[in-house]
Amino acid sequence: DKTLNSKNNGILFIGAYRDNEVNNDDHEFAKLMKQVQDNAQATDRAESVHSMKIANLSPDAIHEFIADALDRNNDDDDAESKLPIAQAVYAKTLGNIFVVKQALEELVRKNAIYYDVMCFAWQFGNVDRVDLEQFLSDDAVQMVQNKLQTMSIPLQKALVVAAYTKSPFELDLLLSLLNGVNDDTVQDLSMTKEEGAVAPEAPPPMNRVMDMSTLEKLMKRAFKEGLVLLHSESNSDGGRRKSITANSSSPGYKFAHDRIREAACLLVPEGAHRDRMLLDIAKVLLQKQEEQDRGEEDSDESGSEDRMIFTAVQHLNSISDDLTDPIELAQLNLKVAKLTLQKGAVQEAHRFLEGGVSCLERESSNGTSDNNTRTSCWERYSNHYDLILDLKNNYMETERTLGHTDKSIEVAEEIFEHAVTVADQKRAHIVYINAVCDKNDKNYDMAVDASLEILKSKYGMELPAAPTDGQVNRERLLLRLALRNRSLLCLAKFPIAGESTISTTVDQHAGSKGVAASAASLEEWIARIKVTQLTVMDSIFAKRINLATYAGYRILREALAEKLITRDIPIVICNLGASFRSRGMYEEAFSFANAVLDLSKRFAVDTGAVSTREDLFGRITLYGALVGLRLPFYEVIETFMDLSKSLLNAGESGSGLACGMLGIYAFYSSSLPLNSLLEPKLLLFEEMAETLGQKPFIVTFSLFRQCLYNLQGGSKACAPNPAILKGGATFDEEEVQQSFEGAIHNMNNRDIGIMRLMLAVIFGDETVMDEMLDRLDSYPIHDMPIGRQHIRMCYSGLAALILRQHSQKHSKWAKESMKFFEKLSKVGSPNAQPVFACLEALKKQTVGAYEVAIQSCGNAGLLNLMALMNERCGMMLMEGTQRQSNQWCKLGGVLEGGSKRSQEPGKRQTEGDLTASEDYEEYFRSAIWCYHDWGAMGKVSQMESKYGFLSMAIYQKPKSHLSSLRKQTKALLSPPRIGDTSSLSSF
C-alpha cells in the first residue's frame, strides 16, 4: 500500500496470471489489479500502469521454435518437411508453450522424432500431419503422465506420494512416507505403463526400505527432467523458512507445474490401491505430527505448522468408509476443525466438521433403507456422547456463522432432542435464538419470544413478556434488599462459576441450599444465566426496555443470593447500563459502566482468559454503548479493531464486522486525519464482508469509503455534488435501496442518511440537509452504538440550526440535539462538550459564541468542527459586511498596516483590531487550513473556487503545532492509548 501511494518511479512491479483462472472481478489478483489502476488514476499516474496480454505462440512461432529445437534453420531447403510437425503440434497445443514442450518430448518418446547417430542430426519420418497427431495425446496432463510412465518405478512412486502431500515437500518427510506406503502401490504403477512406450525398469523387491541417498538421486533425476524445482529456503520476509517437520534439515522441492502434480496423482487411478496408499500416507503424517507436537512440548516451543494433520484428515475423508474407524475419524475432524477455527478459517473448519458428522451418520441406517429401523448416531455411538455433542455443537455454530440459518436451527433441534441434560443444550439454545433472529430479517422480537419460551420450558424460569412499571420497580426493590446497602462492585468479590471450576465451586458451597449444591444444578444455573443474558440483550434491541431491566435485575439478584458470578454477569450489567442510557439516565448508566470495568478486571485476574466469546460480546456493549460516553472516541478505536479481529477469528463474522463498523464511526467522530491509512482498512473490511457473505456490511463499508472519497476530492469523488454517494467506491445509493428489504433496508437507509447529512453540513448543501433530516425523522433518537448516535445527533442539530435561518421545519431536531449534548456535557462527556458549544454558536450567531466553540473544538482536537465553526463565523461576518458595507467604510475603511492576528487556528485577538473584511477573510483562512489538516481536500477545493481571496491561502498556512501533531497521529492503525491525554494538553 505504501508503494502504491508513493511517487517513487524507480520500482517496477510485474504481475503475471492466467486469464482462464483469474476470470472474474472477485478473484484476489483481479481486486489487486483494480486497486492499482484506481490508485494510479486517483494520483494522476494512469500512464504508469500497463496491461500486456501474453497470448499463446502463433503457428509461425511454433514453426520457428521447432526449427530451433531440431537445430534446423528456417531457410533450409527442407523447411517444408518440418511443417507437418509444426502443424500437428499447434493443432494439439494451440500454442501453449508448456504443452508444446511436452508434445515434443512425447514425439521423441514414440520415435516420431529421433536422433540419427549416422547423420548427427534430428530426423523425422515422412509422415503427414494426421499421422503425427495420432502420436500426441489430447491434453497436457496425459502427455506428462505418459512421460512419467517411462521412468523408473521408484521415481514414479516418489512423485505420486509427493503429489499427495502439501507442496513444497521436504525429503526427510517424503522418505518417511515412501517407507510407510505399502509396495502394492508399486505393482499398480507397473500395470499403468503407457502402451508403446519404453518400459521402465523392473520394480524393486517388495517392502524394500529406501534410503536418503537413493531418494536424493531420484529427485535429482526429476529435477533434471524439469518435473520438480528446488524450493527456496527463505520466505518473503527475509527470514528462514520454517521446516515442515521438526528438526528437518533436508532440502525442499516443489512441482514445476500444477499439471505435473495432477499427472502424478493420476498415475494411481481411483480405487482400492489409491485408498490404501492414502491411508498409509495419512498414518505416517499423523505419526509425524504427533512427534512434532511432543517435541514442541519438551522444548516449550509453539506456533509450528499443523499442515500434516490437515493433509492426513483430508486424505482420510476421501477414501473408502471401510478403511477408517468412524469414531477416530470424527475425533480427527473435530480436532482439525478447532485448529482451523483458531485461525479464523470458518469455511474450511465447516468442511472438516461436516466430514466428521457424515462419517458418524454414514452407518446409522443399519444397512437398510427402511426409515422405521433407522438409528441416529446418538444411539449407535452412545458411548461417545461427549464427542458427538461437541462435534454437533461446533458444526451448528459454523453453519450459523456462514449464514445457513435453516441448517443451524435443524441441528439445534436435534441437540434439543438427544442432549442428556439441559446444560448440554446451552450452546444449541444460544444458536437457536440467534438463528431465529437472523432468519427473520433481524427480528429481535422473535428472538426474545424464542428465548422466553426456552427459559420457561427448559429451565422452569417464567418471565413476563411485557413487564409493567410496577413489576420492574418491585424487582428493583428486591435487588436493593439483596445488595444490603452494598454497591454492585461487591459482585467482584464472589467466586466465578464456570465449566472449568465446577467441582471446586461445588466443594466451596457444600451444604448450601442453592444451585451450587450439586454440579448438575450448577451447570444448569450457568446455562440459564447465559440464556437470560441473551434475553436482556435482545430485549434492548427490540426496544422492550422493561423486559430487559426486569430480567437483568432478576439475574443480579440470583447471583447475590448464590454468591457466585459467571462471565455473563458483566454483560448483563453492561446491558442494564445501556438501557438506562436509552432513557437518558446517564449518571446511572455510568455507575453500571464502572461496575463492569471492575468485574472485567476480576475475570482477567482469576481466569487469565479475556478472549472468550462472552468476554468479547460484553466488551462490545461496554465500549459501544457506555465507555464512549466517558472517553474521547479516538481512545476506543483500537479497542474496536482488536475486538473485530478477535471475533472474526472466533467465527463470529457478523459481530466482528459490526465492531469494525463501530470503529469507523468512532474514527469519523474523532476527526482523525483522512490519510492513506483509512482507505486500505475499509477495503479490507469490504473484502472480508464479501468473503463471509455479509452483504449488508459490504454496503456499509463501501458507504464509508465513498464518503471518504467525497471528502478527499479527486477522481473517485462525486464531482457534481459531494453530498451524493456515488463514485469510485462503486457505491450507488439507488441500487442499494432496491437490493434489501425489511430491517436490513431500514438499517442501510439510516446509515446512508447519517453519512450524507454529515457531507451536506460540511459542503453546505442545504437541500440535502433538508432531505436527510426528513429521512432520519422516523428513526428513534436512541441508538445502541453511541458513536453512530453521536454523529447523527451532532449533524442533525447542526443542519437544523443552519436551516433555521430560512425555515422552522426542523426545529425539533435543533432542540433534541441541544438537549442531548447538554445532558452529556453536564456529566462530563468529553465528546459532547465541543459539539454543544458548536450548537450554541449556531443558535446565538455571535462572534463570541463562535470563538468559544472554536476554542472548545481545538482543545478536543476536532478539526472538522473547528473548520466548520470558522467557516460559519466567516459567512456570518461576510453577510453582515455586505449588508452594512457603508457603515463599515465609515467606521474604519481599509486599515493599511493593521495589526495581524495570530495565525494559530483557534487563537483570536480582541474585536476591533481588524476591519470587518479582514475578519471574515481570516476566519475563512483558518477554516481552509483546518480542512486541509483534516484531509478534506474536496472541501478545500470548494472553498477556493467559491472565494477568490482563498486561492493562495494554503500556501500562506503557518506550521502550527496543531496541524503537525495531527499529521503524526497513526490514526486507525495505532491511535492514542486509553488514558493518554498528554498529547492533547496543548490543544
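In this predicted model, Tyr668 is in contact with Leu674, Leu678, Phe704, Cys707, Leu708, Leu711, Met755, Met758, Ile791 and Asn864, once its neighbours within four places in sequence are left aside. Tyr668 also belongs to the largest nonpolar core, a set of 183 residues. Together with Leu491 and Leu798, Tyr668 is among the residues with the most contacts inside that core. A second core, separate from this one, has 101 residues, and Ile66, Leu175, Ile260 and Val411 are included in it. As useful background, nonpolar side chains tend to be buried together in soluble globular proteins.

Turning to the helices, H26 covers residues 568–582 and offers a simple check of geometry. With 15 residues at 1.5 Å a residue, helix H26 should span 21 Å, and this agrees with the 21 Å that separates its end C-alpha atoms. As for its surroundings, 14 of the 15 residues of H26 are buried, so the helix is largely enclosed by the rest of the structure. Just after H26 comes Gly584, where the backbone takes a positive phi of about 80 degrees.

Two further helices are worth a look through single residues. Leu332 lies in helix H15, which runs over residues 326–342. Its relative accessibility is 19%, and buried means under 20%, so Leu332 counts as buried. Beyond residues up to four places away in sequence, Leu332 touches Leu286, Ile309, Val313 and Leu316. One of these contacts brings together residues 46 places apart along the chain: the C-alpha atoms of Leu332 and Leu286 are separated by 9.7 Å.

Asn393 is found in helix H18, made up of residues 385–401. With a relative accessibility of 4%, Asn393 counts as buried because the cut-off is 20%. Residues up to four places away in sequence again not counted, Asn393 touches Ile415, Asp424, Arg427 and Ala428.

The strands bring a hairpin into the picture. Strand S1 (residues 113–116) pairs with strand S2 (residues 121–124) in the antiparallel sense, over four bridges. Ile113 has Phe124 in S2 as its bridge partner. Four residues lie between S1 and S2 in this hairpin, and Phe120 in the turn has a positive phi of about 55 degrees.

Conventions
Residues are numbered from 1 along each chain as its sequence is written. This is a predicted model: local features need pLDDT of at least 70, side-chain atom pairs count only at pLDDT 80 or more; totals for chains, interfaces and linings use all residues. Side-chain values use heavy atoms; hydrogens and water are left out. Helices (H or I, at least four residues) and strands (E, at least two) are DSSP runs, numbered from the N terminus. The expected span of a helix is 1.5 Å times one less than its number of residues. Buried means under 20% relative accessible area, exposed over 50%, partly exposed in between (1.4 Å probe, protein chains only). Contact means heavy atoms within 4.5 Å. Two strands pair if DSSP finds at least two bridges between them. A nonpolar core is a set of buried Ala, Val, Leu, Ile, Met, Phe, Trp, Tyr and Cys residues joined through side-chain atoms within 4.5 Å.
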